[in-house]
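Student: Could you take me through one part of this model up close? I'd like one connected answer rather than a list.

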Amino acid sequence: MKAVHDLWPRGVISRRAGAPAAEVEVRRPATYEEVASLLRSGTRMIPFGGLSGVVGAVAPDAGQVALDLGGFDRILAIDEVELTVHVQAGVRGLDLEQALNARGLTLGHHPSSLPVATVGGLISTRSSGQESTRHGSIEDMVLGLTVALPDGTLARPRPGPRSAVGPALHQLLVGAEGGLGVVLDAVLRVHRQPEAVEGRGWLFADVEAGLAAVREIVQSGVRPLVLRLYDPEDTQFQGIAEPGCLLVAATAGEPEVARAEAAVVARAAAAARDLGPEPWERWRRHRYDLSAERMLDMLEPPGAYLDTIEIAAGWRILPEVYREVKSALTAGSSLALCHFSHAYPQGCCAYFTFAGSSTDEEQALAAYDRCWAETMRICLARGATISHHHGVGQARAAWARQELDGWWPVWEKVRAALDPGGVMNPKAVGGR
Ligand SMILES: Cc1cc2nc3c(=O)[nH]c(=O)nc-3n(C[C@H](O)[C@H](O)[C@H](O)COP(=O)(O)OP(=O)(O)OC[C@H]3O[C@@H](n4cnc5c(N)ncnc54)[C@H](O)[C@@H]3O)c2cc1C
């Protein structure tokens with residue numbers, strides 16, 4: 001028996017304040033049939049991979065079973081002709097990426113948690129990585145899944161690069177947070193590693209000017225490998241002393257394509273100060289520095305609070321949503337940063353970091369909760385999504401229903417139909 005939980009900062013703070021997590025039985029199946037028979041036993045199963053989730057979706061209560069998928073740790077096949085990989089759910093993202101790199105390939109999925117997160121977790125949280133502007137997010141990579149459904153039946157990947165035989169039902173599991181079944185393996189789309197990468201940094205006068213350039217770049221049809229705009233406070237945090245907003249951009253591909261796309265980026269950034277390649281090189285060196293250990297260290301002192309909230313909005317409302325959320329977080333904490341990445345022709349993700357401390361734990365939790373509630377309220381009022389890539393779990397359970405609106409009963413019915421006995425994770429996507 002042991003306590004099993006993810007890295008939801010509120011959970012970390014609560015445990016620090018004296019509310020320990022429940023001790024539960026942990027099962028680590030070695031075969032798919034074992035998973036199926038565990039599900040048929042009717043006991044509530046909370047699947048987990050790297051436990052790097054940040055929304056409290058892995059938090060089994062007493063009497064429930066934590067299902068460790070770490071035993072499914074094999075890369076089954078890399079197909080260099082069709083550019084696919086067939087990989088089991090427990091494989092860590094970085095191990096997969098390194099195996100692909102050894103063959104000149106890449107998944108193109110680089111969340112900051114890549115060293116820890118597993119394929120099953122990345123799929124189940126609907127994750128998005130640092131190269132999403134070029135390669136898309138996890139839903140764009142998943143061609144097929146092997147899933148153990150709550151009644152113990154196995155559903156296997158469908159054939160072909162695309163299929164019109166009904167809806168892509170496997171996509172229901174992408175973002176289901178362990179609420180609809182257990183992901184056992186996946187067929188994922190991969191890419192050739194780019195021959196050339198051209199990266200540099202620019203300093204914009206303000207967020208509005210930077211966002212206008214990001215929009216121009218993605219709407220021009222260029223798909224940069226990396227495109228990140230930092231607000232003034234986050235720019236200082238990145239080590240740039242001058243006032244302004246840092247844009248880090250890199251284009252990639254065949255050398256002539258990377259160069260041509262870099263020229264389009266430079267044209268969009270004409271009003272900004274060219275900082276040369278150094279900001280890109282520095283970003284690349286530190287791309288995985290935001291580690292779980294660092295986060296836990298920062299949450300160790302009594303009264304400390306810290307979290308990140310990633311939302312997304314269309315271009316028309318994004319600057320306004322940014323300003324309102326930033327001002328709410330600045331009022332509620334001592335550190336409030338924002339960067340924009342995951343840009344689309346239609347809009348962009350805004351990723352906020354806030355931190356503060358209080359003299360007592362109760363006040364720390366209250367201040368933390370206010371930051372969350374204000375951010376969620378602003379997003380729902382303005383028409384932004386309350387999560388771009390971390391998911392719902394417990395962190396957003398109180399607001400998911402409002403965003404899903406008419407889709408909420410659909411989600412509830414899908415869940416009831418697939419899992420009438422309530423075998424799967426009850427804390428997934430808004431709770432059950
Ligand atoms: C420092 C840090 C940086 C991060 N950066 C990013 C980022 O850049 N982008 C991003 O998207 N996220 C990021 N995250 C969040 C987190 O890493 C992702 O959500 C990741 O996808 C979780 O993977 P995991 O294997 O750790 O899953 P876990 O935390 O173990 O589980 C997450 C959810 O998936 C379910 N689950 C896990 N495995 C399975 C399975 N095989 N079948 C069914 N359900 C399953 C669990 O029940 C739970 O609901 C970051 C987290 C940290 C701590």
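**Domains first, then one strand**

Tutor: Let's start wide: the centres of domain 1 and domain 4, taken over C-alpha atoms, are 26 Å apart. Where those domains touch, domain 1 puts in eleven residues and domain 4 puts in 15 residues. On the domain 1 side of that contact, you'll find eight nonpolar residues, one polar and two charged. Keep in mind that this is a predicted model. As for the bounds, the domain assignment splits the protein chain into domain 1 (2-70), domain 2 (72-192), domain 3 (196-285) and domain 4 (292-392).

Now for the close look, at strand β6, which covers residues 84-88. Four of its five residues are buried, so β6 is largely enclosed by the rest of the structure. What does β6 pair with? One partner is strand β5 (residues 75-79), which runs antiparallel to β6 and is joined to it by four bridges. If you want a spot to look at in that pairing, take Ile 78, whose bridge partner in β6 is Val 85. β5 and β6 form a hairpin with four residues between the strands, and there Leu 83 adopts a positive phi near 55°.

Strand β10 (residues 182-189) is another partner, and β6 pairs with β10 over five bridges, again in the antiparallel sense. Here the pair to pick out is Thr 84 with Arg 189, its bridge partner in β10. So, to put the strand back together: β6 has four bridges to β5 and five to β10, and four of its five residues are buried.

Terms used. Residues are numbered from 1 along each chain as its sequence is written. This is a predicted model: local features need pLDDT of at least 70, side-chain atom pairs count only at pLDDT 80 or more; totals for chains, interfaces and linings use all residues. A residue is buried if 20 or more other C-beta atoms lie within 10 Å of its own, exposed if 12 or fewer, and partly exposed in between; C-beta atoms are placed from the backbone. Helices (H or I, at least four residues) and strands (E, at least two) are DSSP runs, numbered from the N terminus. Two strands pair if DSSP finds at least two bridges between them. Domain bounds come from an automatic or database domain assignment. Two residues are in contact if their C-beta atoms, placed from the backbone, lie within 7 Å. Ala, Val, Leu, Ile, Met, Phe, Trp, Tyr, Cys and Pro count as nonpolar, Asp, Glu, Lys and Arg as charged, and the others, Gly among them, as polar.
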